[in-house]
Amino acid sequence: MNGREAALKVLLECEEQDAWADVALDRVIRENAMDRREAALATQLTYSVLQNRTFLDWYIDTLARGELDSDVRNILRLGACQMLLLDRIPVSAAVNESVNLAKQTCKNPGASGLVNGILRNLDRQKDSLEPPEDPEIRYSHPKWLVDELRELRGDDDLESLLACHNSQAPTVAQINLCCASTRQVRQELEDEGVTVRPHPWLPDCLILEKTGPVDQLSSFQKGHFYIQDTAARLAVAAATPRPNMRVLDVCAAPGGKSFAAAVAMEDLGEIIACDLYPQRAEMIRSGTSRLGLNSIRSCVQDCLTHVQDWEGAFDLVLVDVPCSGLGVIRKKPDIRYKDPEKMEELPELQENLLRAAAEYVRPGGTLLYSTCTMRKKENEDVVENVLREFTNFALEPFFLPGPVGQTHGSVTLWPDIHGTDGFFIARLRRSL
């Protein structure tokens, strides 16, 4: 299976089966043992189409007559994406490969001719067609999301954020300082053909390009680094874990924050990393084993069920709750096409998880709340509601490196401002 065929298969699964693109893409690449080049093409095409789907449909619908079958429309999206958004693929190749894809996959015998005609018309007319002015179309964000982001950032900053959402998120590696140095890992990665540059303001953090499947790199297999966005690493930094602490990570899978805490603690102390589902707890165990971290113990636990033995027993409790995920749209562009009504149920769950976690913090200990979204109702509102009930907790100022600097106890990170995932971090200190 080549890259274009794989991208089409994933796009159809997303549309027809409500699959998540990252999961489907990973499976298709592995099942077909795709080489690095074709896997990279499949990834680029899949994400480019999902990030710009409404924009591409605007051009397609301008030239098409009548309804289009799902397979034909997605082949046209792939072709139009290569012609309008990617500059390294010749137009002739984009058209010819799209026609071949239609011949191979479409049941309708006229599909290949339709694809050929529309894409050739697009090539002739693309410079004369006026691009859409509506930001919902230009940046392929549904109206509900544009309205929500406009309320958070205002009209002046809206376009910057929308454009950033359609960019490629960096692959960020955090060094496992318990077994390797940053210099050593950088050399190992470069020897394997990976392009590496240090993060501009976060130490022991590398930005990777041209990795291929990361888990096939020998330095990854040896446990010398783990993949974690800068924002998640900053959340752990805000909590200031130290050696010999007792730490609880209540929604830990896939384990990145527990790993970061263990490295900061020099693998001294105890970290209990729990998740509701056995298979996700196994992900934590697998990562812990690969990294050789002995301080982490993974377990299956519903964090809404009170554990008497944990009451007031931890120096630090990390609460990275399930959320709308709007801060990771660059990595999961299909989030924008999911049902927004389901997001309205989240704040109640988030408050309940934060309340439950607060019971486990010892007097004088720290409670760290975080999400990968920028919505106030999932962030500041949740913290404020819980603080009204738990009067023995209060926001505590903290400092983070780079463009974040000093905070008053909470901060929202923005992709277009901080160069991280969209993220919210709040640090609470228990007094009694």
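## The four-stranded sheet

In this predicted model, four strands make up an open, antiparallel sheet whose order is 2-3-1-4. Strand 2 (195-198) and strand 4 (225-227) occupy the edges with a single partner strand each, so one side of each has no neighbour in the sheet. From one strand to the next, the twist averages 35 degrees. Strands of a sheet pair through backbone hydrogen bonds, in either a parallel or an antiparallel arrangement.

## Pairing within the sheet

Strand 1 (residues 171-175) pairs with strand 4 in the antiparallel sense through three bridges. In this pairing, A173 of the sheet is placed opposite I227 in strand 4. Strand 1 is also joined to strand 3 by four bridges, and these two strands run antiparallel. The bridge partner of Q174 in strand 3 is C205.

Strand 3 (residues 205-209) has four of its five residues buried, so the rest of the structure largely encloses it. Its pairing with strand 2 is antiparallel and comprises four bridges. There, V196 stands opposite L208 in strand 3.

## The hairpin and its turn

Strand 2 and strand 3 form a hairpin, with six residues between them. D204 belongs to the turn of this hairpin and is thus placed in the loop between strand 2 and strand 3. Although D204 is not a glycine, it has a positive phi of about 55 degrees. Its relative accessibility is 28%, so D204 counts as partly exposed.

## Two nonpolar cores

The largest nonpolar core contains 49 residues, of which L76, L78 and V115 touch the most other members. Seven helices each supply at least two residues of this core: helix 1 (3-17), helix 2 (21-31), helix 3 (36-51), helix 4 (53-63), helix 5 (70-84), helix 6 (91-105) and helix 7 (111-125). When neighbours within four places in sequence are set aside, V115 is in contact with V72, I75, L76, S98, V99 and A102.

A second core, separate from the largest one, has 37 residues. Its members include A252, F259, I271 and L293. In soluble globular proteins, nonpolar side chains tend to be buried together.

## The second largest pocket

The second largest pocket has a volume of about 320 Å³. Its lining consists of 16 residues, and those nearest its centre are R233, A237, A260, V263 and A264. Strand 1, helix 12 (230-239) and helix 13 (256-264) are the elements that give two or more residues to this lining.

## Backbone features on either side of helix 13

The peptide bond from A253 to P254 is cis, with omega near 5 degrees. P254 is located in the loop between strand 5 (245-249) and helix 13.

E266 lies in the loop between helix 13 and strand 6 (269-275). This residue is not a glycine, yet it has a positive phi of about 60 degrees. E266 has a relative accessible area of 53% and is therefore exposed, the cut-off for that class being over 50%.

Terms used. Residues numbered from 1 in each chain as written. Predicted model: local features only at pLDDT ≥ 70, side-chain atom pairs only at ≥ 80, totals over all residues. Heavy atoms only, no water. Pairing = 2+ DSSP bridges. Axes fitted to C-alpha atoms, helices over the stretch in contact; angles between N-to-C directions. Core = buried A, V, L, I, M, F, W, Y, C linked by side-chain atoms within 4.5 Å. Buried < 20%, exposed > 50% of the residue type's maximum accessible area, 1.4 Å probe, protein only. Contact = heavy atoms within 4.5 Å. 1 Å grid on protein atoms, 1.4 Å probe; cavity = no way out; pocket = protein on both sides within 12 Å on 5 of 7 lines; lining within 4 Å. Points joined across faces, edges and corners; volume = space filled by probe spheres on them.
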